[in-house]
Amino acid sequence: MIAFLALLFGLIVGSFLNVCIVRLPRGRSIANPPSHCPRCRTPIKFYDNIPIISFLLLRGKCRGCGEPISWRYPIVELMNGLFYLWIVREFGLGGEALLMMAFCSSLIVITFIDFDHQIIPDVISLPGMLLGLSLAPFFMYPLTDPLPFHLGRLVPHAGPYFTALLNSFIGLILGSVPLFAIGWIWEKLRHVEAMGGGDVKLMGMVGSFLGWKGALLTIMLGALTGSVVGVLLIVLKRHKMEKVIPFGPFLALGALVTVFYGQDIISWYLGTLHL
Ligand SMILES: [Zn+2]
């Protein structure tokens, strides 16, 4: 029952995420006007706006003019629904799960916007940083506890709240500064923009949510998957070297893997180093 409600909640939020993906990069309001067909402008009735089900009933076409509806809409809804289901299984019910839901949904929106427009809107990443920082002390997400040893010693009597806040803040810095530095150096050397400011701010947000270990793991996973896909695309000649591949989706993927498997990966990694 709880699983079903989580899925349902995720589908409904997913429907809203579709609106964000289409409207945010164009600077349009996400509240007004109500959803309408992009071709015939007919407002979509509530019974035609039920996640997934309406798409299937309408066979992917607008009721008014028959314009095909993008497959992306039900896919985003389903993705978000399944993530919420997974989060509830992993984190139980409560504030921590809600925070992770907000985090995952933001990453889904960022991924699709970055794919389409090669931008990551500040309207998501900047409030995201603040949210991560301000709420980190109140949630005990597993990756948010341990600090680097010497930092733990620097503040020996810090309570768990302060430690979590510090971890979130270090995550923000460790996530964003390396990307900023790489982008800056690359720009000096090659005179082309390599790392968008959007990626830097996205990683600030990821770090504030996942702490310093999570931030570093996310960058590693993002760089790894990004370069594998990049090389594959070049080998398959689907891509020109000069064209920029958006990095945001890979960072988002890395962050999502970190949310669910970060603890396991880090323990495994430290284990192989006999630490
Ligand atoms: Zn239409």
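A donor, in what follows, is an N, O or S atom within 2.8 Å of the metal. With that in hand, we can start our walk at the metal site. Please keep in mind that this is a predicted model.

The zinc ion is held by four sulfur donors, the SG atoms of Cys37, Cys40, Cys62 and Cys65, at 2.2 to 2.4 Å. If you look at the angles these donors subtend around the zinc ion, you will find values of 104 to 113 degrees, and that makes the arrangement tetrahedral. For reference, the ideal angle for four tetrahedral donors is 109.5 degrees. Along the sequence, the donor residues follow the spacing C-x2-C-x21-C-x2-C. Cysteine 37 belongs to the loop between α1 (2–23) and α2 (53–57), while cysteine 65 belongs to the loop between α2 and α3 (72–91), so this pair ties together parts that are 28 residues apart in sequence. Their surroundings can be compared with the cut-offs for burial: under 20% relative accessible area is buried, over 50% is exposed, and anything in between is partly exposed. Cysteine 37, with a relative accessible area of 5%, is therefore buried, whereas cysteine 65, at 28%, counts as partly exposed.

Let us stay with these loops and turn to charged side chains. How many salt bridges does a search of the whole structure find? There are four, and we will visit some of them here. Arginine 39 pairs with glutamate 67, and their closest N and O atoms are 2.8 Å apart. This pair links distant parts of the chain, with arginine 39 in the loop between α1 and α2 and glutamate 67 in the loop between α2 and α3, 28 residues apart. Arginine 39 is exposed because its relative accessible area is 52%; glutamate 67, at 25%, counts as partly exposed.

Another salt bridge joins aspartate 48 to arginine 63, where the closest N and O atoms are 2.7 Å apart. Aspartate 48 sits in the loop between α1 and α2 and arginine 63 in the loop between α2 and α3, so here too a pair ties together parts of the chain, in this case 15 residues apart in sequence. Is aspartate 48 buried or exposed? At 14% relative accessibility, aspartate 48 counts as buried. Its partner arginine 63, at 56%, counts as exposed.

The next salt bridge takes us to the helices. The side chains of aspartate 122 and lysine 201 meet at 2.9 Å, N to O. Aspartate 122 lies in helix α5 and lysine 201 in helix α8, so the pair ties together parts that are 79 residues apart in sequence. Aspartate 122 counts as partly exposed at 34% relative accessibility, and lysine 201 counts as partly exposed at 25%.

If you follow helix α8 (residues 197–235), you come to valine 235. With a relative accessibility of 57%, valine 235 counts as exposed. Valine 235 also helps to make a nonpolar surface patch of about 580 Å², together with Leu224, Val228, Val231, Leu232 and Leu236.

Now for some details of the backbone. Most residues other than glycine have a negative phi, and most peptide bonds are trans. Against that background, have a look at the bond joining asparagine 32 and proline 33: this peptide bond is cis, with omega at about -10 degrees. Proline 33 is found in the loop between α1 and α2. Arginine 59 has a positive phi, near 50 degrees, and lies in the loop between α2 and α3. At 72% relative accessibility, arginine 59 counts as exposed. Glutamine 118 has a positive phi as well, near 55 degrees. You will find glutamine 118 in the loop between α4 (95–117) and α5 (122–135), where its relative accessible area of 45% makes glutamine 118 partly exposed.

Finally, how confident is the prediction? The protein averages a pLDDT of 88, and 90% of the residues score at least 70. Which element has the lowest mean pLDDT, and which the highest? Helix α6 (residues 149–154) has the lowest, 59, and α3 has the highest, 96. Where pLDDT is low, the predicted coordinates should not be read in detail.

Note on methods
Residues are numbered from 1 along each chain as its sequence is written. This is a predicted model: local features need pLDDT of at least 70, side-chain atom pairs count only at pLDDT 80 or more; totals for chains, interfaces and linings use all residues. Side-chain values use heavy atoms; hydrogens and water are left out. Patches are made of residues with over 30% relative accessible area and no salt bridge: like charges are joined within 9 Å, nonpolar side chains (Val, Leu, Ile, Met, Phe, Trp, Tyr) within 5 Å. Accessible areas come from the Shrake-Rupley method with a 1.4 Å probe; for residues, only the protein chains shown count as cover. Helices (H or I, at least four residues) and strands (E, at least two) are DSSP runs, numbered from the N terminus. Buried means under 20% relative accessible area, exposed over 50%, partly exposed in between (1.4 Å probe, protein chains only). Donors are N, O and S atoms within 2.8 Å of the metal (3.2 Å for Na, K and Ca); water is not among the atoms, so sites may look incomplete. Four donors count as tetrahedral if all angles lie between 85 and 135 degrees; four count as square planar and six as octahedral if opposite donors are over 155 degrees apart and all others between 65 and 115; anything else is irregular. pLDDT is the predictor's confidence in each residue, from 0 to 100.
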